[in-house]
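Hello,

Here is the structure I promised to pass on to you. Have a look at it first, and then read my notes below.

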Amino acid sequence: MIEEKKPLRQVEIDAVDPQMEVGARLKLLAPIGEGAMCVVRGALDQNLLRPTAAKLLHPELAGDLNTRRRMIEEAQITAQLDHPNILPVYELGETEQGELYFTMKVVEGLTLTEVIAATPPNERTDQELLDLLQIMI
């Protein structure tokens with residue numbers, strides 16, 4: 001598989017004092033994906049002017065201490081890993097409404113499920129199978 005070259009993004013600057021409150025600092029955008037525990041939304045870190053992905057715990061799970069602990073552990077463990085195939089975690093926090101979240105790098109492209117579904121198994125070439133295995137490695 002050949003990776004597409006992305007156009008260079010224009011560097012933005014706005015030398016204002018950093019915001020400390022989550023609502024002023026993090027602008028939540030449209031949902032990117034959703035799972036049983038969390039929703040991932042696009043977000044803009046307005047202090048750093050950097051697009052991010054914000055993973056937020058579903059509000060109905062906010063009171064479940066075990067679920068909150070698991071999400072905090074996920075953010076902490078992931079933030080301590082350094083590997084090109086693992087998204088860096090930028091921040092862990094809680095919104096003013098009590099929603100637990102962490103932010104991470106935004107990655108665009110196909111999901112592994114979409115890549116696998118693109119070619120039926122009985123029609124894959126040896127090279128396509130090798131490419132899929134390389135993704136897993």
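**A buried loop residue**

With a relative accessibility of 9%, T95 falls under the 20% limit, so this residue counts as buried. Please keep in mind that the model is a predicted one. T95 sits in the loop that links β4 and β5. Leaving out residues up to four places away in sequence, T95 touches V22, L56 and Y101.

**The strands on either side**

Strand β4 covers residues 89-94, and five bridges join it to β5 in an antiparallel arrangement. One pairing to look for is E94, whose bridge partner in β5 is L100. The hairpin that β4 and β5 form has five residues between the strands, and there G98 takes a positive phi near 85°.

**The cores**

Which residues make up the largest nonpolar core? There are 10 of them: C38, V40, A53, L57, M71, A75, V89, L100, F102 and M104. Two or more residues each come from β2 (38-45), β3 (50-57), α2 (65-80) and β5 (100-104). The largest share, three residues, is given by β5. As a general background, nonpolar side chains tend to be buried together in soluble globular proteins.

A53 is a good residue to click on. Setting aside neighbours within four places in sequence, A53 is in contact with I32, V40, R41, F102, T103, M104, K105 and V106. Apart from the largest core lies another one, of seven residues, and V22, V39, L56 and Y101 are among them. You will recognise V22, L56 and Y101 as residues that T95 touches.

**The helix α2**

For the 16 residues of α2, a rise of 1.5 Å a residue leads us to expect a span of 22 Å; the end C-alpha atoms lie 23 Å apart, which agrees. The start of α2 has a contact to look at: a side-chain oxygen of D64 comes to within 3.1 Å of the backbone nitrogen of N66.

Which residues of α2 are buried? They are T67, R68, M71 and A75. These buried residues are on the same side of α2, because the arc they cover around the axis is only 105°. They pack against β2, β3, β4 and β5. On the face turned away from this buried side, α2 carries the exposed residues L65, I77 and Q80.

I hope this helps you find your way around. Happy exploring!

Best wishes

Notes:
Residues numbered from 1 in each chain as written. Predicted model: local features only at pLDDT ≥ 70, side-chain atom pairs only at ≥ 80, totals over all residues. Heavy atoms only, no water. Core = buried A, V, L, I, M, F, W, Y, C linked by side-chain atoms within 4.5 Å. Buried < 20%, exposed > 50% of the residue type's maximum accessible area, 1.4 Å probe, protein only. Helix = DSSP H or I, 4+ residues; strand = E, 2+ residues; numbered from the N terminus. Contact = heavy atoms within 4.5 Å. Pairing = 2+ DSSP bridges. Expected span 1.5 Å × (residues − 1). Arc of directions from axis to C-beta. Polar contact = N/O pair within 3.5 Å; in protein donor to acceptor, adjacent residues only side chain to side chain.
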